[in-house]
Structure formats: C-alpha cells, structure tokens
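Dear colleague,

Please find the structure below, handed over for your records and for your own inspection. My findings follow directly after it.

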Amino acid sequence: MKKLLIGYFAGILGFVFFIVVILGMFAGNNNSCQSTTSNINVANSADREAVAKSLHDNLKKINGVTEAGIAGYLGNTEHESGFNSGIVQSNATFNETTAMNASISGYAIGLNQWDNSRRVELLNFANAQKKNWQDGGLQLDFALNHDGTNSDLLQQGLKLNNVDEATEFLRAKWERGGAGTSLERQAKAKSWYAKFASGSKDTAIDTATQGTVNTQNINLTTQSSNGCATNLAQGMGTSGAPVTEMPGQYKGKIKDTNFTATAPSNTYPFGQCTWYTFNRMQQLGTPVENYLGNGADWGKNVKDKGYQTDNQPHAGWAVSFTQGAAGADPTYGHIAVVETMSDDGQHFLISECNVVNGGSGTVSFRELTNGQGMVFIKGH
C-alpha cells in the first residue's frame, strides 16, 4: 500500500511538472510585438485620414508599440503610397508577370511600396492566404509578421519613443527610402502624432524644434557639400537598392570594369560623387572637366560649356540628378555614370560613389528607371 501511495504521488508530481513546462514554453514564445492575421482589418478608402486611423488603431493593439513609433510608420507610409494599398509605383498598371520578377526594380507596390524580392514575397503571401494583394490588412500583417528580418526592424521602429527617431529609423532600416526625404517624412509623422496621440505619455516626442532642424541641415551640408547624395539606402519605394557587386543580369554587358581608376588631373574632393564621375568618364574615354559644381549643377553647367545632353539615358554618359531626384541630396543633388541599359530597355545601371560607406571612395551600383530630375551628359 505504501509503495502504491508513493507511485501515486510521483505520478501527480510528474503531471504537474509537465504542465509547468508546457506553460513555460508558451510564455517563452510570446512575442510582445507580434500580431495575428485574424484581427487586422485596414480601411479601404480614398480618405487618407480614415486609412491612417485604421492603421493606427491596429498597431495600437500590439504590446510594446508607442504613439511615436506608430506616427513614424504613418509618416513613412504616407510618403511612400499616400495610404493607397493598391498603388503601383509611378501609377503604373499592375502586371503580374512583371511583379513576380524579383530582378525588376522600380515597380514597387502597396502601402509601403515593396520592391524586388520583397514585392514577390508579398504576392506569394497573398496567394497563400487566398487574398488580394491590395488588401491593406494583409499588407500590414505581412509587414509585421511575414517579411523576414524586415518585420523585426519594423517592430523595433514601432517601439521607439521619439517621432523623429522612429521615422528616420523606419525610413533608413525598414523602408530604405531616399535619404533626402527624411525631413518631409518626419513632418508628416509629427502631423499624425498630433492628430492621434493626444494625451499620450510617450516621452521625448517633440524634439524636432527649429534648433534640431538647423542641426540636421548643418549635418547634411557637411556630409554633402561636394554635391553627392550620402548615406543613400533605397529599396522599397524607389528604384533599386545600392549594391557593391554588379547585379548579375548586367555582368558581361560592360566591357571596361575598371571602376577604381583615378585620374591625376581630378580636382574634385576624394570619395565624392563628382570625384568618382570625373574618374570614370576619363577611364571610358569620354572625359568631363573639373569645376562643374555640385551634382545637380552639372546638368546646367555642361550645357553652358557646349556638352551634348539628353533626357534619355545612354550607356557611357553621366547622369546629373536634381535635388531629391532618385534619392539625391535635397540641397546638392547627385552625379553618376550610366553603365548600360537593361535587355528590355526599360531600366539602366549606374555606377556611383559616396552612396555606400560615404566618403570612403566605395563604388556601388543601382538599377534605375528614367524619371524627372535627370539630365544625361555626353563627355567629350
């Protein structure tokens, strides 16, 4: 009888231990910023405020997010898509074949303008859920929970306590939109914060005073005083992301791959976009001259000096970006070199400097589509 009682109690203790372990596993797997597909419903409306309020209210339900983080998300989303979950970049018509080709850039879709492989992953997720990719709730669910490490970055940004910091974090790390748009995104974010966060106890929210703005402008001038777009991190919402290795589809199309050649006559400051473009054009045998100014100035100054220019890209020509175009610096613009055209003629590859590891002389590449604010320059 004694042995039976001991066995009985041992069995009870074992069962209790099992329950504790199971509960511990569930507790350990709880993600404080995790959402679910069942309770995300985003308004489908032409009324921007209605969509913004819907997004805000969904995000507000998630543990750990702040009003500042939500405002940062809303500021970025308004800039990217105007809260239109069905929009295609440049108001293009949606084409599934094009959209499912991860190698195509400049064809971003949805609230947060997913491009390249992230666009394809969003579409695959929509198909798996048997939903239309234009569903805003599906897109928010994808962004929060199914966009790989990008979802982690979004969740980090949503937890920040400062509107400007949250907006810039999400722009640079998650959206990877043009650096020249930071102040515009932050202004939109602060507007949404003022509208939705009345009475919030979030700290250090309104730090974007005039003094802070002046400091940011001084920093931009210091970083970009020689006419380059610095710290550019494009991807979603803009034409292709900068990469230091030439994209595979363009390998073999460029004969001269000596991108590190330097010209002793170059008077532009080392590591700047102007410095690199002068070197590269010299290497290609179609040189340009010194003292053409900042990146945005080249388009005008070369015309005065008799250079041939065009509004269409040509391989071997330089391309001058006006302020803010394709992520160029909002004050000084940018300059790069067109290396080659895509097979379909719809895109072109540029090489450039001072975009990756600014000021280091690192050469990077981007695939772009032609757009406003670009002047193409033939060297001579």
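Thr309 stands opposite Ile377 in strand β6. This pair belongs to the model as predicted, not to an experimental structure. Three bridges join β1 to β6, and the two strands run antiparallel.

On β2, there are two further pairs to note. Val319 stands opposite Phe376 in β6, and Phe321 stands opposite Met374 in β6. Strand β2, residues 318-321, and strand β6, residues 374-378, pair in the antiparallel sense over four bridges.

How is β6 placed with respect to the rest of the structure? Four of the five residues of β6 are buried, so this strand is largely enclosed by the rest of the structure.

These strands are part of an open sheet of six strands, in the order β1-β6-β2-β3-β4-β5, with antiparallel pairing. The edges are taken by β1 (308-310) and β5 (363-368); each has a single partner strand, so one side of each is left without a neighbour in the sheet. From one strand to the next, the twist averages 35°. When you inspect the side chains, please bear in mind that in a regular strand they alternate between the two faces of the sheet.

A helix also lies across this sheet. Helix α11, residues 273-283, lies across β2, β3 (334-341), β4 (348-353), β5 and β6, and runs at about 40° to β3.

The remaining finding concerns a pair of helices. Two packed helices are described by the angle between their axes and the distance between the axes. For helix α3 (residues 67-81) and helix α8 (residues 163-175), the axes come within 8 Å and cross at roughly 50°. The helices α3 and α8 are therefore oblique to each other, and α3 passes α8 in a right-handed crossing.

Which residues of α3 and α8 make the contact? On the α3 side they are Ala68, Gly69, Ala71, Gly72, Tyr73, Asn76 and Glu80. On the α8 side they are Val163, Ala166, Thr167, Leu170, Arg171, Trp174 and Glu175. By class, the contact of α3 with α8 has seven nonpolar, four polar and three charged residues.

Yours sincerely

Notes. Residues are numbered from 1 along each chain as its sequence is written. This is a predicted model: local features need pLDDT of at least 70, side-chain atom pairs count only at pLDDT 80 or more; totals for chains, interfaces and linings use all residues. Side-chain values use heavy atoms; hydrogens and water are left out. Two strands pair if DSSP finds at least two bridges between them. Axes are lines fitted to C-alpha atoms, for helices over the stretch in contact, and angles run from 0 to 180 degrees between N-to-C directions. Contact means heavy atoms within 4.5 Å. Angles under 35 degrees count as roughly parallel, over 145 as roughly antiparallel, 65 to 115 as roughly perpendicular and the rest as oblique. A crossing is left-handed if the near helix is turned anticlockwise from the far one by less than a right angle, and right-handed if clockwise. Ala, Val, Leu, Ile, Met, Phe, Trp, Tyr, Cys and Pro count as nonpolar, Asp, Glu, Lys and Arg as charged, and the others, Gly among them, as polar. Buried means under 20% relative accessible area, exposed over 50%, partly exposed in between (1.4 Å probe, protein chains only).
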